[in-house]
Structures are given as structure tokens and as C-alpha cells.
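Take a look at the fold below and let's walk through it together. We'll begin at a spot on the surface and work our way inward.

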Amino acid sequence: MKQYLTLLLAASLASSAFAQTDKKPFKPTDFYKIPSVSDPQVSPDGKWVAYGVSTVDTAKDKRVSHLWMQSWDGKTSIQLTHGAEPASKARWSPDGAYLSFLSSRESKNGSQLWLMDRRGGEAKKVTDIKGNLGDYEWSPDGSKVVIVIGDPDNKGKEAPKTPKPIVVDRYHFKQDYQGYLEDARNHLYVFDINTKKLDTITKGKFDERSPTWSPDGKSIVFVSNHDADPDRSENTDIFVVEAKTNGNVKQLTTWKGHDISPKISPDGKTIAYLRQDSEGYNMYDQNILCIINADGSGNQVLTKQLDRPVDSPEWSKDGKSIAFLVDDDRERYAATYTLANKKISIIPATRGKVSMGDITAHSAGNWVATLSDPYVPQEIYALEAGKLRRLTFQQQEWLSKVQLAQVTGFQSTSKDGTKVSGVLYRPDSTSTKKMPFILFVHGGPVAQDDYSFDGTCQVLASAGYAVAAVNYRGSSGRGIDYTKAIAADWGNKEVIDLHGAVDELVKRGIADPDKLGVGGWSYGGITTDFLIASDTRFKAAASGAGSALQIANYGIDQYILQYDNELGQPWKSMEVYNKISYPFLHADRIKTPVLFMSGLKDFNVPTAGSEQMYQALKSLGVEAELILYPNQNHGISIPSYQVDRVERYIKWYDKYLK
């Protein structure tokens, strides 16, 4: 018997080894195959979870989202919508009879509200509204929905031969994806499902968002900035309005920083929400979970002692606790706050090398969540009795055919003693010799590289590189002091931390000191420029959507609040702007060949920043190339461009590091 088991084990190992070698390395074109899973919505009876899946239509070179439904027991998976037109934002009617969603099919006015009868039959369009439909929520009795609608624009209309002049008079007048900001606003409306009547709930010069009904259906809680000039602050507050035309509006919070994400308790007595850590404008801040009575009294701050950013608050079905997500040193886990004992409890099953994306209540003590890990993009899980049970397997098909890189955590110590955390990618688990190396720097800077699936780092590692993603000072997940350490001091402590991480990996024999590369997008591109201007150790760089002559961005990007509040107005603070423009003003110190990239419609970090650095290096005779993606904003969204970008990364690094 023992001999038989030994033979069986050997055969199993041989089969496993064959299956492993049968897989092909993860390549840029595999990006076309990765679905995006999001927005789980639990049916009122708890038997189903509706959710969205977006996939690439290679013929049209775009992503298309459709709705799916998964049974709570995990046995049944159904695709609900099909076709060329996307469907998104699925929401259950309170009685579970209907599933609503937004789609632009059969519409000349953009996305409209559709209803799908769960008893059978085709979905039906129920609105034909001019304007941009956004968030919406069913009323508790299922007779109405509250909808956020943006003022109508010219989308869907035939463009005039000579467009009208763009007229703006706002302090904050540019925004990526939106373009030049005229005086269009987002307001709340209530749509009656049966009569098709649309009532205007809010109006004026303010934007409203995040509407949620009170359990009695008489009022709607929402978020807005009612400062005299909303453009000059990020001071959003929580408001409540009667759910009728010309209804009374009451402001519930008064914190001079943002108050967002209101969620009303099942009994309607308490509102959970997120509050900015400090008052006034602050780029380097983190959200704290708070509660307030429905009448605006009794404000309580719940998670300040965590000193970690939290988000996605959700009430339990019984209203006894609030679940939320926590960013904590490369992890993103779930925790609960229990009102009775005022205790914060981490849900152990969500700790470790995983990253939570969403969490929503299912039943007493049970939740539905989205989760990713270094080897699997986001899927939906049941969080049942404190244990995770996977519900969806949308990633299974493409993952079964690729060999992914090995992912481990590591830590380094900067020259000033700061402890820094990172994530390391290597082609496989047998990688023991020193390798060509890429430091890939995250943007933000208030963000973190965590244990979620990272396609860019994976594809670079699969191309034969050791790749490190490092949470330099300025990153989130390490406490507010760590995050705000770089305020008005860009390119200093981040550079110290990133060089320290490279030193550590060289010392460990992982990174070849003669074959070092660096790259990043957005603030990662900005930091890349600082790194190559401060040291010639990098033999290749890829700087995406960056900027270096920072004074030149004043008035051409969307960050006027940050400039005026963090850096100061240029005519008063020229020394600050010169200091953080080090890569451009010392471009003659750069010897690294650089691949610059940008989207031509980027109002976040406009193309000018990449062009200026490219021109400087070309003038100096340093090897450089500039790649511009037409009609792309800060985030490159066209699938073929996404593939092109990582293919160019690999080609550029191969040229100089191999």
C-alpha cells in the first residue's frame, strides 16, 4: 500500500510538473484576456449576487461591461446582458422582482435606466432623460429611484460646423475626462417608475452626489460642497433633503474638510460616513470612519486610533455593526466596528497577502466581498461566518494558460533610518541569481502597492526581470505622518527611500547593479525623473505622464487647489517651485536613456510635462523617445494602447538592460 501511494504521488507530481511547463509566460497581449469583475449587489432574499464583468472587444478595441448573476450557494452562474452596448450599475428592486441597470442601448441621450423582470422577459428602457445619468438608488417601497443627473451637454448631437467658444469663469476650470469646466452641475432627481414623472430635488450652483434614501422613504441623504465658491475647497458635507420638489434641505456635518460616503443604518437613526483626517485642503490625508445621528447631532469619530485610511463603510443587516476596509502596509483587509461595545475587530480571513475591493452586507454576520491576490485579479467571495468562500471564477480561463511571476514582500532601511516596505516580482520561484532589475514606482503619491494582482509588474517580471514596487514616504497604509512627510518637499524623501530599496535588493544578490532600470506613471513618472537626475545608476527609464518644470503646470492642469494650498502661489514661493523642479533644472545631470509617454487629452498631468523633459534630454544629446497616445486621458483606456505601452516598456528595457 505504501509503495502504491508513493507511485501515485510521483505520478501526480509528474502530471503537475507537465501542467506547469505547459503554461506560457504572461505576455502583454494577455492583457486582452483579463476580465474586470466589480460592483457586487446582493438580492433582497440573499440567494443571488448581481455583478459587472467588463471584457475587451478586440474588433472595436474597447472594453464592454455586462451583468452577471451568481447564486449564493456558488452552483449557478448566469450572464444577464449581452451585445455591443454596455450595461452597468446593477441594482435590485426592494422586492427582488426587478434588476435595474444603466445602458446607452436604444438611446440618443446617453445612458438610461433599464428594468429587467426577474420572472423572465426582455429588459425594458424606462427613462429617456437628457443629461448624464450617474449614481442611483431605489426608494424603500420600490416605486421610485433617486438619480444623479448631470446638466445636458452636446454629446450624442451632431457637432456644429463651427463649435461655440468655450466660456469659463471658474477658479478650478479644468478636470481630466471632463475637460474645460463650464457651469454644468450634477443634481438629484426622483423618477417615478410607474408614472415616468421626473421631479427635481436639488438645483443651483452646487454638485450633489452619493444619494441614499432614509428607510421611511421621506428623505434623501447626499454629499455636496455648499461653500460660497465650491471650487476653492474640498469641503464636502453630508446633507439631507425631503424627497420632493422644493423639499427642505438641512446640512448635517460642519467639518472643514471632506465628509463623504454616507450610509444610513437599517433603523434610520444613524448615518455612518467617512471624514477627512484634518480640516482644510490636504493632499496627504486619510479617511476616518464616523457616525452621526440622523438629525445631525451626536457626531462620533470611530477609527482615528487606527492611524490607517479606511473606506467603503457598510452597515450589517441587523444594524449592530459597520464593516469597512483598511489600507495597512501592503494589505487591504476588512474590519467591523460594533456599536454596543465600541470595539474594532479585524476579520482574520481577510488578512495576509490579499487585497479587498468591496464589501456589502448579505445576512446577519455574513458579507459579500471582492478580493484580489498577487496571482488572481479581483473575484467575488462570500464572507461567511468569518471565512472566505469564492463565488465567481471569471479569471479562471486565461489564468489556466499563463505562468505568472513569483511575488514576495520585502523591507529595506533608508539611509536616514526609515523602514520601507515593498513587493518583489521574479520570473519564477527558482530565481536565485542576480537579474536585470526594474524599480516600478506607483503614482498618487497617496496610494500603496499592495498584494493585489499587478499586471504591469507581472508582465515585466515574466519578460525576465526582477521587479520591485516600493511604498516610499508619501504612500498610504503606514500612518498619516508617513504619508504627509513629503508635503511641499517632492523628490526628496521618496528618492531616499527608493534608492534604499534598490540598495537592499542589490545587497541580497537579487538586482544586478549594472543592469538597473526604473519607471512609473503619474507621480511614478515624476519620481522617475527625480531618481535619474539624482543618480546615474539607472541604465534605462520609462517616465509616463510626468512633469518636472512644476511652475509650468500652474494653470494647465487640475491641481490648482494643491498648488495654492501646499506649494503657494508661484510669485510668492518661487524657491519652492525651483526646488521641486530639480529634474528639469538639472537635466544636464541625467545620463539615463528615457522613454517618455503621455495621453494627449490628459488634463491631470498634461503632455507638456513629458514634452519638456524629452526636449531637454534631446537638446543635451541623451537618448530619449516620446510616445503620445491620441484621445487618451491620464489613464490609458484603449486596450491596444495598454498593450502597446507594456510592449514598449519591455523593448526599451531590453535594449539597455540586456
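Find Ile166 in this predicted model: it sits in the loop that links strand 11 (144-150) to strand 12 (174-175). Is Ile166 buried or exposed? Its relative accessibility is 53%, and the bar for exposed is over 50%, so Ile166 counts as exposed. Ile166 also has company out there: together with Val168 and Tyr180 it makes a nonpolar surface patch of about 270 Å².

For contrast, hop over to Ser54, which belongs to strand 3 (residues 48-57). Ser54 has a relative accessible area of 12%, and since buried means under 20%, Ser54 goes down as buried. What does Ser54 touch, once its neighbours within four places in sequence are set aside? The contacts are Ile34, Pro35 and Ser36 on one stretch of numbering, plus Arg63, Val64 and Ser65 on another.

Now for the inside. In soluble globular proteins, nonpolar side chains tend to be buried together. Here the largest nonpolar core has 45 residues, and Phe437 and Leu439 are the ones with the most contacts inside it. Helix 6 (residues 523-534) gives this core its largest share, six residues. Leu439 is worth a click: again leaving out neighbours within four places in sequence, it is in contact with Ala468, Val470, Leu498, Val502, Gly517, Val518, Gly519, Leu531 and Phe538. There is also a second, separate core, this one with 41 residues, among them Tyr451, Val467, Met597 and Leu657.

Zoom out and the whole chain comes into view. How many helices and strands does the chain have? The count is 11 helices and 40 strands. Contacts with a separation of 6 or more also tell you something about the chain: 53% of them join residues 24 or more positions apart.

As for overall dimensions, the C-alpha atoms fill a box of roughly 85 × 70 × 60 Å along the principal axes. The radius of gyration is 26 Å, and a compact globule of 658 residues would come out near 26 Å, so the chain agrees with that expectation. Of those 658 residues, 54% count as buried. On the outside, the chain exposes about 29000 Å², with carbon and sulfur atoms supplying 50% of that area.

How values were computed: Residues numbered from 1 in each chain as written. Predicted model: local features only at pLDDT ≥ 70, side-chain atom pairs only at ≥ 80, totals over all residues. Heavy atoms only, no water. Patch = residues over 30% accessible without salt bridge, like charges linked within 9 Å, V, L, I, M, F, W, Y side chains within 5 Å. Areas by Shrake-Rupley, 256 points an atom, 1.4 Å probe, with all protein chains shown as cover. Salt bridge = Lys/Arg side-chain N within 4 Å of Asp/Glu carboxyl O. Helix = DSSP H or I, 4+ residues; strand = E, 2+ residues; numbered from the N terminus. Buried < 20%, exposed > 50% of the residue type's maximum accessible area, 1.4 Å probe, protein only. Core = buried A, V, L, I, M, F, W, Y, C linked by side-chain atoms within 4.5 Å. Contact = heavy atoms within 4.5 Å. Rg over C-alpha atoms; globule rule 2.2 N^0.38 Å.
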